[in-house]
Amino acid sequence: MRTYICEIRTEQNNIYIKRDDLFPFSFGGNKARKAVNFFKEIDNGDFDTVVTYGSSSSNHCRVISNMATVRNIPCYIISPEEASEPTYNSKMMQLFGAEITTVPVDEVSRTIDEKLAELRECGRKPYFIPGGGHGNLGTQAYVDCYNEICAYEKENELHFDYIFFASGTGTTQAGLVCGQIMHGDEREIVGVSIARKNPRGRQVVLDSVKEYLCDDVADELIESATIFIDDYIGDGYGKQNEAIKTTIKNMLSNHGIPMDSTYTAKAYTGMMDYIEKQEIKNKNILFIHTGGTPLFFDDFGRL
């Protein structure tokens, strides 16, 4: 299912934005793309309950709880109390009837195991979805997205020299890297970290790529294709600064595109600084808008 690409011309480069925030379910985004794959397994399997993990601001948990309630399937969310302030996403999780269990972050793993065991003891057949849609099904969603990008290039007779996006739990970037390797394309795919530092952040992406490709590709090729920059995480996940606020205001005012400070505005701000510092000129650059519109409204109230 394609999402459209819009163009923003600058003095030095042609910047295009792939609007995955308009993916047609529950405010869209990369988490909606991934959730479709998980729920195909749920629909085709013998499952009657969903368990997942995420914070109160989680786009992933919003989408999963929405898809679950559409199917009249109970959804259980394990959430860290360190990130449990009310958000529009958490309000929607509650609207969708998700049962949210909040515990200290170091108790999350144990609590997930206990919840799955409890449900099985009650005769339920739970399906567990890792936080952020991590795993091969999440990676596959962005292999598919990469195929869409290639189709757009062919139809419009252009080539994107760079692809930028917010890199979080890793499978969005892993899918794009896998797609590039499978197509044999020459371009730079740059994941702008929104929280994780190197080397851990990059290693998570590398592990996902290698898991998906099943050791069929040389490590050297995977290493060279995986560009993960951690220069723009600021004070960490969900933390904004004046440059990010300016991006939010400018993108909405000048282009009618909402971006949130946790993911897209942070990544877009980082991309523009990276382009300037690397002196990238006369290139076609694609930015993937990975969603987070409810978070934009949380931000808007603080601007």
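1. Helices and strands are DSSP runs, numbered from the N terminus, with at least four residues for a helix (H or I) and at least two for a strand (E). On that basis, Asn 282 sits in the loop that runs between helix 10 (264-277) and strand 10 (284-289). Its phi is near 60 degrees, a positive value in a residue other than glycine. Asn 282 has a relative accessible area of 70% and is therefore exposed. The model is predicted, and the points below should be read with that in mind.

2. A second non-glycine residue with positive phi is Phe 27, at about 70 degrees. Phe 27 belongs to the loop between strand 2 (14-19) and helix 1. With 41% relative accessibility, Phe 27 counts as partly exposed, because the class covers values between 20% and 50%.

3. A cis peptide bond links Asn 198 to Pro 199, with omega near 5 degrees. Pro 199 is placed in the loop between strand 8 (188-193) and helix 7 (200-213).

4. Helix packing comes next. Two packed helices are described by the angle between their axes and by the distance between those axes. For helix 1 (residues 30-44) and helix 5 (residues 136-156), the axes come within 8 Å and cross at roughly 120 degrees. The two helices are therefore oblique to each other, and their crossing is right-handed.

5. On the helix 1 side, this contact involves Asn 30, Arg 33, Lys 34, Asn 37, Phe 38 and Glu 41; on the helix 5 side, it involves Leu 137, Gly 138, Gln 140, Ala 141, Tyr 142, Cys 145 and Glu 148. By class, the contact of helix 1 with helix 5 has five nonpolar, four polar and four charged residues.

6. Asn 37, a residue of helix 1, deserves a separate remark. Its relative accessibility is 12%, so Asn 37 counts as buried. Setting aside neighbours within four places in sequence, Asn 37 is in contact with Leu 137, Gln 140 and Ala 141. Those three residues are among the helix 5 members of the packing contact with helix 1. Asn 37 and Gly 131 are separated by 94 residues in sequence and, C-alpha to C-alpha, by 14 Å in space.

7. Helix 6 (residues 171-183) packs with helix 7 at an angle of about 50 degrees, the axes being 8 Å apart. That angle makes helix 6 oblique to helix 7. The crossing of helix 6 with helix 7 is right-handed. Helix 6 contributes Thr 171, Gln 173, Ala 174, Val 177, Cys 178, Ile 181 and Met 182 to the contact, and helix 7 contributes Val 205, Ser 208, Val 209, Tyr 212 and Leu 213. The residues of this contact divide into nine nonpolar, three polar and no charged.

8. Gln 180 also lies in helix 6. Gln 180 has a relative accessible area of 6% and is therefore buried. Apart from neighbours within four places in sequence, the contacts of Gln 180 are Tyr 146, Asp 185, Glu 186, Arg 187, Ile 189 and Ala 225.

9. The axes of helix 2 (residues 59-70) and helix 3 (residues 88-95) come within 9 Å and cross at roughly 20 degrees. Helix 2 and helix 3 are therefore roughly parallel to each other, the cut-off for that class being under 35 degrees. Helix 2 passes helix 3 with left-handed crossing geometry. Asn 59, Cys 61, Arg 62 and Ser 65 of helix 2 meet Asn 89, Met 92 and Met 93 of helix 3. The contact of helix 2 with helix 3 comprises three nonpolar, three polar and one charged residue.

10. On cysteines, a search of the whole structure returns zero disulfides. Cys 122 is in no disulfide, and its nearest cysteine sulfur, that of Cys 75, is 17 Å away. Cys 178 is likewise in no disulfide: the nearest cysteine sulfur belongs to Cys 214, at 9.5 Å. A disulfide requires two cysteine sulfur atoms within 2.5 Å. As for accessibility, Cys 122 has a relative value of 60% and so counts as exposed, whereas Cys 178, at 0%, counts as buried. Cys 178 is also one of the helix 6 residues in the contact with helix 7.

Notes:
Residues numbered from 1 in each chain as written. Predicted model: local features only at pLDDT ≥ 70, side-chain atom pairs only at ≥ 80, totals over all residues. Heavy atoms only, no water. Buried < 20%, exposed > 50% of the residue type's maximum accessible area, 1.4 Å probe, protein only. Axes fitted to C-alpha atoms, helices over the stretch in contact; angles between N-to-C directions. Parallel < 35°, antiparallel > 145°, perpendicular 65-115°, else oblique. Left-handed = near helix turned anticlockwise from the far one by under 90°. Contact = heavy atoms within 4.5 Å. Nonpolar A, V, L, I, M, F, W, Y, C, P; charged D, E, K, R; others polar.
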